[in-house]
Amino acid sequence: MYSRVESYANTPAAFSALVVVAAIDSAFFPVPPFVLLIPMIVAAPRRWFRLTLWGTLASVAGSVLGYGIGAAMRGGLNLIHIDPNVRLDLGPDWLRKAELVLAALSGAVAVLVALQGWRQRSPSRQRAIVAAALALLLVVASRWTSWFGVHGTLAELLSRNWWTLAVVCMVVPAFKLATIGSGLVGVSIGPFLGAVAIARIVRFGVAAALARFGGPPVRDWLLRHAHAHASEGATARPVET
């Protein structure tokens with residue numbers, strides 16, 4: 001399926017395929033639209049803004065379908081008396097404890113990396129230093145958590161703090177999990193659309209800008225990255241001009 005979608009980048013139907021894939025990727029399709037967007041921009045740099053704009057609009061529109069799928073699932077669960085909208089009542093100490101646990105894990109990673117590769121190569125030393133620095137940062141941050149109390153259902157928390165949902169939509173690899181999950185717990189549609197719009201503008205904008213202005217090394221890296229999940233027989237190539 002991934003290779004089939006990638007093949008449309010070399011056809012006259014590339015633009016239509018980009019819009020369709022961007023829309024359904026937000027709801028259920030397993031192939032991301034960037035596999036089409038990046039080679040299309042590499043081949044036609046002047047079209048980068050138009051392609052980014054339409055891809056973003058299609059993705060935001062498709063997110064409504066994902067939200068609807070989640071809402072339908074919520075209705076089905078309600079019929080069997082299961083409420084997916086969990087209520088969280090956590091005091092200010094929850095974040096401190098979580099940060100201390102993560103700090104311990106980071107410290108353990110730093111020690112293991114240092115023991116395994118400290119004398120081998122500098123990358124091992126760098127990884128150990130980064131892990132140790134992260135552990136120290138988490139320990140320091142755990143001292144300032146008194147204002148991080150969490151009280152409310154998932155829907156209430158995400159609706160009030162919609163910027164959190166925007167960050168989730170940016171970093172979650174499967175964007176559709178965020179759209180379906182929002183519908184599943186009943187996030188308000190207004191904050192949901194605002195968060196999705198910001199997240200997709202950032203994702204599409206960064207990818208398109210790098211492909212347009214990043215230069216040959218960045219473009220080559222993007223093409224390899226966009227095709228990272230393709231089969232071994234699929235080759236990364238820009239659209240023929």
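In this predicted model, D25 forms a salt bridge with K176, and the closest N and O atoms are 3.5 Å apart. A salt bridge here is a side-chain nitrogen of Lys or Arg within 4 Å of a carboxyl oxygen of Asp or Glu. The idea behind the term is a simple one: side chains of opposite charge can pair when their charged atoms come close. The pair links distant parts of the chain, since D25 belongs to helix α2 and K176 to helix α9 (residues 175–185), 151 residues apart. Helices (H or I, at least four residues) and strands (E, at least two) are DSSP runs, numbered from the N terminus. D25 counts as buried because its relative accessibility is 5%, and K176 counts as buried at 14%. Buried means under 20% relative accessible area, exposed means over 50%, and partly exposed lies in between (1.4 Å probe, protein chains only).

The structure holds 2 salt bridges. Besides the pair with K176, the side chain of D25 meets that of R200 in a salt bridge, at 3.8 Å from N to O. D25 lies in helix α2 and R200 in helix α10, so this pair ties together parts that are 175 residues apart in sequence. Both D25 and R200 are buried. Through shared partners, the salt bridges join D25, K176 and R200 into one network.

Just along the chain from this network comes S26, in the loop between α2 (14–25) and α3. Is S26 buried or exposed? S26 is buried, because its relative accessible area is 0%. Neighbours within four places in sequence aside, the contacts of S26 are S59, G62, S63, G66, F175, K176 and T179. Contact means heavy atoms within 4.5 Å. K176 therefore appears twice in this picture, as a contact of S26 and as a salt-bridge partner of D25, with contact defined by the cut-off just given.

Attention now turns to helix α3. This helix is largely enclosed by the rest of the structure, because 9 of its 10 residues are buried. The buried residues of α3 are F34, V35, L36, L37, I38, P39, M40, I41 and A43.

Two packed helices are described by the angle between their axes and the distance between the axes. Axes are lines fitted to C-alpha atoms, for helices over the stretch in contact, and angles run from 0 to 180 degrees between N-to-C directions. Helix α3 (residues 34–43) packs with helix α10 (residues 189–213) at an angle of about 35°, and their axes are 8 Å apart. The crossing of these two helices is right-handed. A crossing is left-handed if the near helix is turned anticlockwise from the far one by less than a right angle, and right-handed if clockwise. On the α3 side, F34, L37, I38, I41 and V42 take part, and they meet R200, R203, F204, A207, A208, A211 and R212 in α10. These residues divide into 9 nonpolar, no polar and 3 charged. Ala, Val, Leu, Ile, Met, Phe, Trp, Tyr, Cys and Pro count as nonpolar, Asp, Glu, Lys and Arg as charged, and the others, Gly among them, as polar. R203, found in helix α10, counts as partly exposed because its relative accessibility is 28%. The C-alpha atoms of R203 and V171 are separated by 9.3 Å, with their positions 32 residues apart along the chain.

Helix α3 also packs with α2, at an angle of about 145° and with axes 9 Å apart. Here α2 passes α3 in a left-handed crossing. A14, F15, A17, L18 and V21 in α2 meet L36, L37 and M40 in α3. The residues of this contact divide into 8 nonpolar, no polar and no charged. F15 counts as partly exposed because its relative accessibility is 22%. Which residues does F15 touch, not counting those up to four places away in sequence? They are M40, R47, R50, L51 and W54. The C-alpha atoms of F15 and M40, 25 residues apart along the chain, are separated by 8.5 Å.

For the protein chain as a whole, there are 11 helices and 2 strands. Of its 241 residues, 37% count as buried. Residues 24 or more positions apart account for 78% of the contacts with a separation of 6 or more.

Residues are numbered from 1 along each chain as its sequence is written, and side-chain values use heavy atoms, with hydrogens and water left out. In this predicted model, local features need pLDDT of at least 70 and side-chain atom pairs count only at pLDDT 80 or more, while totals for chains, interfaces and linings use all residues.
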